[in-house]
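Let's walk through this one together, starting with the overall build and ending at a single residue. Have a look at the fold before reading on.

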Amino acid sequence: MRIGPEPTTDSFIAVMYGETEGSTPGNALVVDPKKPFRKLSRFGNAFLNRFMCSQLPNQVLKSISIIDSPGILSGEKQRISRGYDFCQVLQWFAERVDRIILLFDAHKLDISDEFSEAIKAFRGQDDKIRVVLNKADQVDTQQLMRVYGALMWSLGKVINTPEVLRVYIGSFWAQPLQNTDNRRLFEAEAQDLFRDIQSLPQKAAVRKLNDLIKRARLAKVHAYIISYLKKEMPSVFGKENKKRELISRLPEIYIQLQREYQISAGDFPEVKAMQEQLENYDFTKFHSLKPKLIEAVDNMLSNKISSLMSLISQEEMSMPTQLVQGGAFDGTAEGPFNQGYGEGAKEGADEEEWVVAKDKPIYDELFYTLSPINGKISGVNAKKEMVTSKLPNSVLGKIWKLADCDCDGMLDEEEFALAKHLIKIKLDGYELPNSLPPHLVPPSHRKSLP
């Protein structure tokens, strides 16, 4: 697979696992019964000449396969026809994949006409879409904030949904960062994206079931529409006129069927696309409604699916967690370079000295201004100092629970220093641990803890 900044990827490339490296051209691929691409033959030779499969023995590809689409055309180039319906092909893949990733560059945000049409082809698959804002290290923090806002505004015009898409910001390659101001953000975003991709095999069965339910509901609605059109057709004369009238009245027919069968408006196919499809059919050859089949579908949706769901959850519990392994997914959570290592509550985990000790002289000065009795301050006095951090009571309550090691409702100087250290961790933007890690336990309390 040849990639580069110039227009190299002019084909749809399926990157899949194989015992040996090699590539298979599109025409051979669609006749291979072991591959799931046979239905793509309907897009013709113009598409098949621009479709191939790259196979290689990579561990990542044992769990997932990747479909790389051609580079999106912009400017004058998009006026030249590709020779096949690009958006229809994208739609075919979108209905079958588990995740759709849209890639944007931080310094090149324009959504061309073709890209806009491509995104519209993903309608109905909004839950699968994720956005990657790449090369974010090439702009500074202020510019990145504006770029992110511009991207969301541009996407909002194309994807007609009030929900905000999940955008992963970073520099997704192995070269040094040009601008390191947002290094922590990029690392966290990359880990989130990796976790999302890693979990795909685990959720594959549920997603297939979800698609089955979606198709079943759609098939049921189609049956109502088709049988209604058949019923309205005259037996002898004026068939063409009646057909034209029914196609033009399709929005009204939708409303009528919604009321009659209590169907949600969201379950109906798009009016314009349905009208275009119906132009090519003879309504008199449509089938009448078969209530027994509709009943069977309803029974499946209400009873059979729930038992399938419980079977899937039982299987998931009995089997080991399926995660994508290999490549960039290995080694990212190991050693001192994993996300958050040596930061926040994990700071000082591999040091012999208690990490709080370096700031303890400052905390001790504060401690002795809070009227300690027998070397301890009361909860009331501790609260006066802790609330100056302006953290909410729910957070301060958690800090108190972690810091009061002997649970006596008072803090000695080491416990107070620990409380101040935990406040600092939270104020620096890190999460608090659910239980106190061994390296944060004050030295004088270590023997008393199991």
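In this predicted model, the chain is built from 15 helices and 9 strands. How spread out is the chain compared with a compact globule? Its radius of gyration comes to 30 Å, and the globule rule gives 22 Å for 450 residues; the chain's value is well over that, so the chain is more spread out than a compact globule. You can put box dimensions on the chain too: along the principal axes, the C-alpha atoms fill roughly 105 × 55 × 45 Å.

Now for what's inside and what's outside. Of the 450 residues, 39% count as buried. The accessible surface of the chain adds up to about 27200 Å², and carbon and sulfur atoms contribute 53% of it. As for the contacts, take those with a separation of 6 or more: 73% of them are between residues 24 or more positions apart.

Charge is next. The chain carries 59 positive and 61 negative side chains. If you take the centre of each set, the two centres lie 9 Å apart.

Finally, zoom in on Glu19. You'll find it in the loop that links β1 (12-17) and β2 (22-25). Is Glu19 buried or exposed? Its relative accessibility is 64%, and since the cut-off for exposed is over 50%, Glu19 counts as exposed. To get a feel for distances across the model, try pairing Glu19 with His222: the two are 203 residues apart in sequence, and their C-alpha atoms are 44 Å apart in space.

Methods. Residues numbered from 1 in each chain as written. Predicted model: local features only at pLDDT ≥ 70, side-chain atom pairs only at ≥ 80, totals over all residues. Heavy atoms only, no water. Helix = DSSP H or I, 4+ residues; strand = E, 2+ residues; numbered from the N terminus. Rg over C-alpha atoms; globule rule 2.2 N^0.38 Å. Buried < 20%, exposed > 50% of the residue type's maximum accessible area, 1.4 Å probe, protein only. Contact = heavy atoms within 4.5 Å. Areas by Shrake-Rupley, 256 points an atom, 1.4 Å probe, with all protein chains shown as cover. Lys, Arg positive; Asp, Glu negative; His and termini not counted. Charge placed at Lys NZ, Arg CZ, Asp CG, Glu CD.
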